[in-house]
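Reader: I'd like to learn how to read the way two chains sit together, and how a sheet is put together. Could you walk me through it?

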2 protein chains.
Amino acid sequence: MSMTRRNFIQSLGAVAGVEAVHRTMQALGLSGMGEALAAAPDLPSGSGQGKSVVILGAGVSGMTAAYELAKAGYRCTILEATSRAGGRNLTVRGGDVIEEFGGRQRVEFDRRDHLYANLGPARIPYHHRAILGYCRDFGVELEVFTNDNRAALFHNRERFGGKPVVARQVLTDTRGYIAELLAKAVNQGALDGELTGEDRERIVDMLVRFGGLNPDHIYKGSNRSGYQGEKIHEGLKAGDVNSPLDLSELLKADFWHYKLHYSHFLNANPTLFQPIGGMDAIVKAFEARVRPLIRYRSVTKEIRKTPEGVRIVYRQAGRDADDAIDADFAVCTIPAPVLKDIPNDFSPETRAAIESIEFVNAVKIAFQTRRRFWEDDHAIYGGISWTDQDITQIWYPPYGYHRDKGILMGAYIWSQKPGTRFGDMNPAERLRAAIAEGERVHPGYAAEIESGVSRAWARTPFQKGGWPRSAHKSPEALQRPDGPIHFAGDQVTGLPGWQEGAVLGAHLAVRAINERVMATK
Amino acid sequence: MSMTRRNFIQSLGAVAGVEAVHRTMQALGLSGMGEALAAAPDLPSGSGQGKSVVILGAGVSGMTAAYELAKAGYRCTILEATSRAGGRNLTVRGGDVIEEFGGRQRVEFDRRDHLYANLGPARIPYHHRAILGYCRDFGVELEVFTNDNRAALFHNRERFGGKPVVARQVLTDTRGYIAELLAKAVNQGALDGELTGEDRERIVDMLVRFGGLNPDHIYKGSNRSGYQGEKIHEGLKAGDVNSPLDLSELLKADFWHYKLHYSHFLNANPTLFQPIGGMDAIVKAFEARVRPLIRYRSVTKEIRKTPEGVRIVYRQAGRDADDAIDADFAVCTIPAPVLKDIPNDFSPETRAAIESIEFVNAVKIAFQTRRRFWEDDHAIYGGISWTDQDITQIWYPPYGYHRDKGILMGAYIWSQKPGTRFGDMNPAERLRAAIAEGERVHPGYAAEIESGVSRAWARTPFQKGGWPRSAHKSPEALQRPDGPIHFAGDQVTGLPGWQEGAVLGAHLAVRAINERVMATK
């Protein structure tokens, strides 16, 4: 890019804003394949002068909306039901208290930098450009989150004698068998109608490499799965590679239903990130910028339309009567399971949309362990082991490597039935149940655990769930404002459960409000 | 594990050492699937009293040997030819000087924490337990090295119009086509002889999930490869997924030769690590422990056997005559291409083994860029892009994310012909050639680059190469001592080019020397 062109684009930015720059760079073929990071609305300075917005919820979406609107001169107030900002972005440390309907837990972790648990969102994919853009702009330092660890385990109680199998072997052997079978079919001429002669030859060569086949196109195991004996690698001299797992047993196990392909799903693709020191570094960065706008412990009681805009009736803790706040617009980020029970003036269409959104009964259970046995004994550094039990996953912390204790995510559940089962237990029962299941993945598990804490999102005040179930998502209905009330949060986007959704939902509302204001000027 | 058992094992450790603990834990089924971290020799204290060892080379292998032997009471001297420790473990920063036969480069990087390049080893796989054990014991802090980044690029000048293709798409589409073809073959009964009826049904279900096939078992593209348009992900609402790449073109490209399967190779498997701040954190940690034992700028001139042991003739810089040092044993870590030309008393067998080891002409070229365009424009955070040009790879730094400049590895070459081609250029020519090739992967590349530096290992004094070529490796011949001379370094192991090999080679020599000493006591 020549200096002249760069200067032109910089000048354009000053005059027409980041979006125009972005569109121009795209037109000039300069913006690359991903979206440029600077995706924030960047409203013209002062465009909100004299206008007021009340924002319901100081989660990531609400704070994003307040940050962008306030920058443009809007008078913003955030009503936050709890005493903390962040919403579902929740990092817990020793001494923290977790409130649930009918339960209260104190986090008994040691107070050390690396002993924390992200009980809400825990990872940021590389293509979540809006939240990453704020991380960059706010100086939130990132480190890699390891999703895909080939040393982690697959466990199915009915298969392989109920013993966990190393991911590296499951992946290598599955690819090996697929490659061998397809090579046979091609070599037998079974796919002559599908492939040209040239492609037939090339595909067999490809399969040999894809699957690690021998020169006869047979899969006999591969050094990709590691070597037998103590060492995983070759060490001083090549030994015998691991024998392949049995194909029928691999097919009977549930690994391939989706677990085996996990890293190929777009939001699980490497590279993923997490803020250093806990996901709530993002909350702290936003909160530092909008704190004067937040009224904490202020529960929304009514959402009303008025001739001039909106009126929100709310109760602030410690006050013996409700208060009300009037504004030109509202941005409502309250999760649907909570929102549907708040008296409101919504249209029937909006009410139906809110009612239709069902939230996932997500549960996370975190344990402090006396040593990092997964690193010491199994060479597992970060990543996820899978089991067919209700705990679903065990996450090994991708932080604090090699230190003397660790916080293990002993369960991450997002299916309705096991989520309900664990949610219905009291906190002590949850820990016992998760330990019993974990023991089948890691014999000796119970003795390693020092303390634990759980978060059942469906039982969480002012949340009542993890995120909108994909099967029930109808985000577009809430992408339109209902009179002066705009909706935000991950629930109005195609990215439920992700902070990127929370930010994009806020951007949508912010842009729409500003367009309305501009149109009347 | 009960407290009693734990206490027993701890007591055993005190009495019998780490190895006994390790063996006992294995016998009790407690040590897990990976090898326990504590793999160092842990020689009985004082066992080397009165014995001397001269160690040739202060690389990772030489310093490991000195550290372990000195701990056990051996009198150690390390002769190091250059003025720095570390050998091929080389991290460069602004102001450093790189010496080559016939050339000298000054590193012009800005002096900032995140602007460094690892021109030697750059990653540590999770199963390299010996080097990881030292990192833990020495407090070398680690962060994840991203090898496998689905946003990185595959580039082949002859395919897809010479335009780079995103890894995510190549992987998704390749799996899709393989799954579709195998499902067809199975459904047509072409593999009835290979699979039971049950397995046939299950494997088709598996292929649907493996490849992202539609309900008719056809691959029509998948959201795993991302969505068309600006955003990679769904954003506010699901759009159209990317169209599949053409199968014939995928087969004609060289991607599948090995690049596409790279993360499945054992030493490229996630999780991989790097020390925070540069790979030479490992060098500094060892050097801090053995510095008094090192004689820097001391070039080995002769390796002789004497009736009592060994005599090493060497020349220290600034001295006008050779010196000699006598010892009971030597540990020789000098790379074969250098060692073969040092006058010695080796047996014919040893000489032949040394002569047979051919080193790779590895070349690395690092650029400082004015901005992190790969992150800003392409959402590429760390990882590797591949090209069929001589530069082979472009590495995006897996550190310093979101900061304002970056160090790009603009070439990592390990094939003989391109390595020789680049090695034969002068440093300025190398940079120009690497920029010209990089420009085809990232149009606009040249304008982003501020300065560059290269390291051609074959032209490096006292190294003369990157590491032993696998095809020529005969490590076992040098695993036996030649009289009082033991060999170490990665060249005596099945892990050439890896620091784990350097450490394991040192451990082998250390254990063997100590066994000999013990046998005579």
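Author: We'll take the symmetry, then the interface, then one sheet. This is a predicted model, where local features need pLDDT of at least 70 and side-chain atom pairs count only at pLDDT 80 or more, while totals for chains, interfaces and linings use all residues. Residues are numbered from 1 along each chain as its sequence is written, chains are lettered from A and ligands numbered from 1 in the order in which they are written, and side-chain values use heavy atoms, with hydrogens and water left out.

Reader: What turn and shift lay chain A on chain B?

Author: In general, two copies of a chain are related by a rotation about an axis and a shift along it. Here the turn is 180 degrees and the shift 0.0 Å, with an RMSD of 0.0 Å (least-squares superposition on the C-alpha atoms of residues with pLDDT of at least 70 in both copies). The two copies are thus related as by a two-fold rotation axis. In chain A, the C-alpha of A:Leu182 lies nearest that axis, 2.6 Å away.

Reader: And how much area do chain A and chain B bury between them?

Author: Interface size is often quoted as the accessible area lost when the parts come together. For chain A and chain B that's about 9,500 Å², 62% of it on carbon and sulfur atoms (1.4 Å probe, summed over both parts). In terms of contact (heavy atoms within 4.5 Å), 98 residues of chain A meet 99 of chain B. The copies meet through the same surface, because 99% of the interface residues of chain A are also interface residues in chain B.

Reader: How many salt bridges does the rule find across the interface of chain A and chain B?

Author: Four, counting a side-chain nitrogen of Lys or Arg within 4 Å of a carboxyl oxygen of Asp or Glu. One of the salt bridges pairs B:Asp376 with A:Arg136, their closest N and O atoms 3.6 Å apart.

Reader: Now the sheet: in what order do the three strands of chain B run?

Author: Strands of a sheet pair through backbone hydrogen bonds, either parallel or antiparallel. In chain B, the order is β7-β11-β8, an open sheet with antiparallel pairing (strands are DSSP E runs of at least two residues, numbered from the N terminus, and two of them pair if DSSP finds at least two bridges between them). β7 (124–125) and β8 (142–145) of chain B are at the edges with a single partner strand each, so one side of each has no neighbour in the sheet. Two bridges join β7(B) to β11 (residues 272–275) of chain B, and B:Ile124 stands opposite B:Phe273 in β11(B).

Key:
Buried area = accessible area lost by both parts, 1.4 Å probe. Helix = DSSP H or I, 4+ residues; strand = E, 2+ residues; numbered from the N terminus.
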